[in-house]
Amino acid sequence: MMQGNLFYPDVPGWQKTDTSKVAAEEIAPTAKTVRALVLHQLKQRSFTTYELAERLGLPYHTVQPRTSELRAKSQIIDSGERRIGPTGKMGIVWIAHG
């Protein structure tokens with residue numbers, strides 16, 4: 001996905017639907033800031049995506065794509081640990097890489 005001269009994961013990506021593309025375009029102005037907030041938290045300690053969303057006071061659907069982008073940029077990695085989230089399912093525990 002491209003916006004200006006930038007490509008995913010530097011800008012939000014989208015699926016093959018018009019609604020997904022619109023959502024990516026709407027979050028693009030703040031995605032970099034949210035990525036930075038997520039990375040800052042993960043440099044302090046490990047979190048699941050649900051835990052990050054709660055800690056930052058942001059919706060899960062805003063934080064989850066940022067973890068995907070940070071993973072694609074090799075800035076965060078799967079710690080191998082899992083924790084139960086609010087859905088009752090196990091979630092990946094993320095850590096900062098490097």
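This passage walks through a helix, a hairpin, a buried threonine and several salt bridges in a predicted model.

A good place to start is helix α2, which spans residues 49–56. Within this helix, Thr49, Leu52 and Ala53 are buried. Viewed down the axis of α2, the buried residues fall within an arc of 100°, so they line one face of the helix. A general feature of helices helps here: an α-helix has 3.6 residues a turn, so residues three or four places apart point the same way. The buried residues of α2 pack against α1 (18–44), α3 and β4. On the face turned away from this buried side sit the exposed residues Glu54 and Arg55. Glycine 57 follows the helix, and its phi is positive, near 70°.

Helix α3, made of residues 60–72, contains threonine 67. Threonine 67 has a relative accessibility of 1%, and because buried means under 20%, this residue counts as buried. Leaving aside residues up to four places away in sequence, threonine 67 touches Val38, Thr49, Leu52, Ile76 and Trp94. Two of these names, Thr49 and Leu52, are already familiar as buried residues of α2. The side chain of threonine 67 also reaches the backbone oxygen of glutamine 64, at 2.6 Å.

Next comes the hairpin. Strand β3 (residues 76–84) and strand β4 (residues 90–96) run antiparallel and are joined by six bridges. Five residues lie between the strands of this hairpin, where glycine 88 takes a positive phi near 85°. Across the pair, arginine 83 stands opposite glycine 91 in β4.

Arginine 83 also leads to the charged side chains. In general, side chains of opposite charge can pair when their charged atoms come close. The model has six salt bridges. In one of them, arginine 83 pairs with glutamate 51, with the closest N and O atoms 2.8 Å apart. Arginine 83 lies in strand β3 and glutamate 51 in helix α2, so this pair ties together parts that are 32 residues apart in sequence. Both are partly exposed, arginine 83 at 23% relative accessibility and glutamate 51 at 25%. Arginine 83 meets glutamate 81 in a salt bridge as well, at 3.1 Å from N to O.

Another salt bridge brings together the side chains of aspartate 10 and lysine 73, at 2.4 Å from N to O. This pair links distant parts of the chain, 63 residues apart: aspartate 10 is in the loop between β2 (6–7) and α1, and lysine 73 is in the loop between α3 and β3. Finally, Arg35, Arg66 and Glu69 are linked in a network of salt bridges.

Conventions:
Residues numbered from 1 in each chain as written. Predicted model: local features only at pLDDT ≥ 70, side-chain atom pairs only at ≥ 80, totals over all residues. Heavy atoms only, no water. Helix = DSSP H or I, 4+ residues; strand = E, 2+ residues; numbered from the N terminus. Buried < 20%, exposed > 50% of the residue type's maximum accessible area, 1.4 Å probe, protein only. Polar contact = N/O pair within 3.5 Å; in protein donor to acceptor, adjacent residues only side chain to side chain. Contact = heavy atoms within 4.5 Å. Pairing = 2+ DSSP bridges. Arc of directions from axis to C-beta. Salt bridge = Lys/Arg side-chain N within 4 Å of Asp/Glu carboxyl O.
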